[in-house]
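Student: Could you take me on a close look at one part of this protein, the helical packing, and then set it in the context of the rest of the chain?

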Amino acid sequence: MDEAPGAKRWLPLEANPDVMNQFVQGLGLRDGTAFGDVYGFDDELLSMVPTPVLAVLFLYPLNSESEAAQLEEQERILTGQRVSNEVYFMKQTVGNACGTVGLLHAIGNNISQINLEEGSYFQKFFQSTAQMSPDERARFLESDTELEGAHCLAACGGDTAPPDSSDSVDLHFICFVCVEGGLYELDGRKSQPVYHGSSSPETVLKDTVRVVQSFISKNPDSINFNLIALSKSP
């Protein structure tokens with residue numbers, strides 16, 4: 001999704017855990033942490049997701065209902081909400097980069113839990129952007145040719161051919177994480193993280209599903225939803 005008129009556009013990233021794992025491993029994520037599909041919302045299917053879950057990516061369709069809900073929510077979050085200073089958040093100004101922004105949110109909010117290769121791209125990226133504002137991180141991403149190249153390679157490695165980078169894409173990735181006991185929705189299109197109540201590392205997946213179901217209820221006829229969890233191996 002393009003967030004700024006005339007902005008740079010990338011190829012959209014497929015909602016494919018295998019592609020995502022190759023992408024992040026090439027940038028310095030070591031074995032032991034990986035993305036995997038969430039196949040359903042009942043307890044049995046959720047129990048199949050490896051634990052602990054560190055973050056959850058959600059792909060959903062953009063339409064008039066979701067855009068209206070976002071405008072309504074924007075009013076609420078601007079009037080005041082609880083947001084931890086420890087949340088790593090960045091804006092999205094590169095078109096179709098929501099998948100990579102979601103991956104960066106997932107990893108950036110779990111640096112202490114994730115094993116990054118010494119001297120790797122990810123280690124340098126998060127060290128460089130740690131003290132930046134969300135807007136500064138967005139500008140940093142715009143000028144980062146190394147990550148742009150890796151994203152393009154990953155976008156071309158999916159099961160389906162990616163659309164042209166100039167095409168308008170009506171699907172959008174967001175990320176959910178638990179930080180300091182709170183569940184946060186991280187969407188680079190929004191002005192700030194969205195707080196969705198209390199959570200914990202043990203319940204972050206179920207807490208995310210609760211919020212995701214409200215997204216789905218606004219578009220019950222669509223099948224264009226995907227939920228992907230970032231888990232750490234025992």
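Student: Which residues of helix H6 are buried, and what covers them?

Tutor: Happy to walk you through it, with the reminder that this is a predicted model. Helix H6 spans residues 134–142, and its buried residues are Arg-137, Ala-138 and Leu-141. Looking down the axis of H6, you would find these buried residues within an arc of 105°, so they line one face of the helix. The background is simple geometry: an α-helix has 3.6 residues a turn, so residues three or four places apart point the same way. The cover over the buried residues of H6 includes helix H4 (98–108), helix H5 (121–129) and helix H7 (145–155).

H5 is a good next stop. Its buried residues are Tyr-121, Phe-122, Gln-123, Phe-125, Phe-126 and Thr-129. Among the elements covering them are H1, H4, H6 and H7. H6 and H5 therefore each appear in the cover of the other's buried residues.

H1, which also helps to cover H5, covers residues 17–26 and includes Asn-21. Asn-21 has a relative accessibility of 11% and counts as buried, because the cut-off for buried is under 20%. Beyond its neighbours within four places in sequence, Asn-21 is in contact with Ala-34 and Phe-35.

On the other side of the list, H4 is preceded by a loop that begins after helix H3 (64–78), and Asn-96 sits in that loop. Asn-96 has a positive phi of about 65° although it is not a glycine, and its relative accessible area of 2% makes it buried. Glu-180 offers a contrast in exposure: it too has a positive phi, about 50°, without being a glycine, but it is exposed, with a relative accessible area of 54%. You will find Glu-180 in the loop between S3 and strand S4 (182–186). For your backbone checks, most residues other than glycine have a negative phi, and most peptide bonds are trans. The peptide bond from Thr-51 to Pro-52 is cis, with omega near 0°, and Pro-52 belongs to the loop between helix H2 (43–46) and S2.

S2 and S3 come up again at the largest pocket, whose volume is about 320 Å³. Strand S2 (53–61) and strand S3 (171–179) are the elements that give two or more residues to its lining. That lining has 14 residues, and Asn-109, Asn-110, Ser-112, Gln-113 and Cys-178 lie nearest the centre of the pocket. By type, the lining residues divide into 8 nonpolar, 5 polar and 1 charged.

Now for the wider setting. The chain has 8 helices and 6 strands, running α-β-α-β-α-α-α-α-α-β-β-β-α-β from the N terminus on. Of its 234 residues, 51% count as buried. Among contacts with a separation of 6 or more, 76% join residues 24 or more positions apart. One pair distant in sequence is Lys-218 and Asn-63: they are 155 residues apart along the chain, while their C-alpha atoms are separated by 9.8 Å. Lys-218 lies in the loop between helix H8 (204–217) and strand S6 (226–232) and is partly exposed, at 41% relative accessible area. Finally, the accessible surface of the chain comes to about 11,000 Å², with 49% belonging to carbon and sulfur atoms.

Notes. Residues numbered from 1 in each chain as written. Predicted model: local features only at pLDDT ≥ 70, side-chain atom pairs only at ≥ 80, totals over all residues. Heavy atoms only, no water. Buried < 20%, exposed > 50% of the residue type's maximum accessible area, 1.4 Å probe, protein only. Helix = DSSP H or I, 4+ residues; strand = E, 2+ residues; numbered from the N terminus. Arc of directions from axis to C-beta. Contact = heavy atoms within 4.5 Å. Areas by Shrake-Rupley, 256 points an atom, 1.4 Å probe, with all protein chains shown as cover. 1 Å grid on protein atoms, 1.4 Å probe; cavity = no way out; pocket = protein on both sides within 12 Å on 5 of 7 lines; lining within 4 Å. Points joined across faces, edges and corners; volume = space filled by probe spheres on them. Nonpolar A, V, L, I, M, F, W, Y, C, P; charged D, E, K, R; others polar.
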